[in-house]
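Here is a chain to be read from its overall outline down to single residues. Keep the sequence and the 3D view side by side while reading.

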Amino acid sequence: MREPSVRRYSGRSVEEWKAARRERLLAAALELFGTEGYPATSVERLCTQAKVSTRHFYHEFQNKEAVLLAVHAQVIELAVGSTGDALRRTADRPVRERITAAVDSYLRTIMADLRRARISFVEVVGTSPAVEEQRIAFRELLIGSVRDLGDTAVERGEIKRKDFRFLALAFFGAVNAVVYDWMLSDPRPPEQKVQKSLRELAVQLITA
């Protein structure tokens, strides 16, 4: 028995059209939330930017908060992926090299695009219980990476046992404050300078 044919429009299936529409809405959210801010962006503004009708918007997302959760999840995926890749690449290297590689990868991912930085450090903070839950879950993933790195270094005899959760919280609190200040500075210092300072801080916290 033959499978039913997939209905196509202009060479695309319905699912392909839906996926493209969703991607346009997420791209619009990255742009508008990352430049004008989440509170200042209406659903109508998102739809205009994405060239999507409001009817089709609600086919893809329940509300504006759902879009923020989705675009923030994209940023999380990039940051966690790049940090994890750096740690895997340096699995056999000394702890200082591993810290440097992980911090550089994380900060480059966030700071390479000011829209990502604004969404990560400004727009998601305290927005709603659901968004806050996602933000904290992301932070816990990063803290877990720090604890694993520290535990491995202890097992290898490179450093002494410490409260790696506390140190990770201190470091990521510093990252939030420093990157936020960097975004608001005019003129803005070179991102490499900020990254170097934060990298040195991470090494000092974990290895001192």
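The paragraphs below go from the whole chain to its cores, then to one helix and one residue.

The model is predicted. Its chain holds nine helices and two strands, and from the N terminus the order is β-β-α-α-α-α-α-α-α-α-α. Along the principal axes, the C-alpha trace spans about 60 × 55 × 30 Å. The chain has 208 residues, of which 42% count as buried. About 11700 Å² of the chain is exposed, and carbon and sulfur atoms supply 53% of that area. As for charge, the chain has 33 positive and 28 negative charges, and their mean positions lie 2 Å apart. Among contacts between residues at least 6 apart in sequence, 67% join residues at least 24 apart.

Now to the interior. The largest nonpolar core has 36 residues, and those with the most contacts inside it are Ile99, Tyr106, Phe121, Phe172, Val175 and Val179. Two or more residues of this core come from each of the helices H4 (64-89), H5 (95-111), H6 (114-123), H7 (129-155), H8 (164-184) and H9 (191-207). H8 gives the largest share, nine residues. Leaving aside residues up to four places away in sequence, Tyr106 touches Ala79, Ser82, Thr83, Phe121, Phe138, Leu142, Phe172 and Val175. Apart from the largest core lies another one, of 23 residues, including Leu26, Ala28, Phe61 and Val67.

Helix H9 can be looked at more closely. How far apart are the end C-alpha atoms of H9? They are 24 Å apart, which agrees with the 24 Å that 17 residues should span at 1.5 Å a residue. The buried residues of H9 are Val194, Gln195, Leu198, Ala202, Val203, Ile206 and Thr207. An α-helix has 3.6 residues a turn, so residues three or four places apart point the same way. The buried residues of H9 pack against H5, H7 and H8.

The last stop is Arg21, which sits in helix H1 (residues 14-35). Is Arg21 buried or exposed? Arg21 counts as buried because its relative accessibility is 12%, and buried means under 20%. Not counting residues up to four places away in sequence, Arg21 touches Val52, His56, His59 and Glu60.

Conventions
Residues numbered from 1 in each chain as written. Predicted model: local features only at pLDDT ≥ 70, side-chain atom pairs only at ≥ 80, totals over all residues. Heavy atoms only, no water. Core = buried A, V, L, I, M, F, W, Y, C linked by side-chain atoms within 4.5 Å. Buried < 20%, exposed > 50% of the residue type's maximum accessible area, 1.4 Å probe, protein only. Helix = DSSP H or I, 4+ residues; strand = E, 2+ residues; numbered from the N terminus. Contact = heavy atoms within 4.5 Å. Areas by Shrake-Rupley, 256 points an atom, 1.4 Å probe, with all protein chains shown as cover. Lys, Arg positive; Asp, Glu negative; His and termini not counted. Charge placed at Lys NZ, Arg CZ, Asp CG, Glu CD. Expected span 1.5 Å × (residues − 1).
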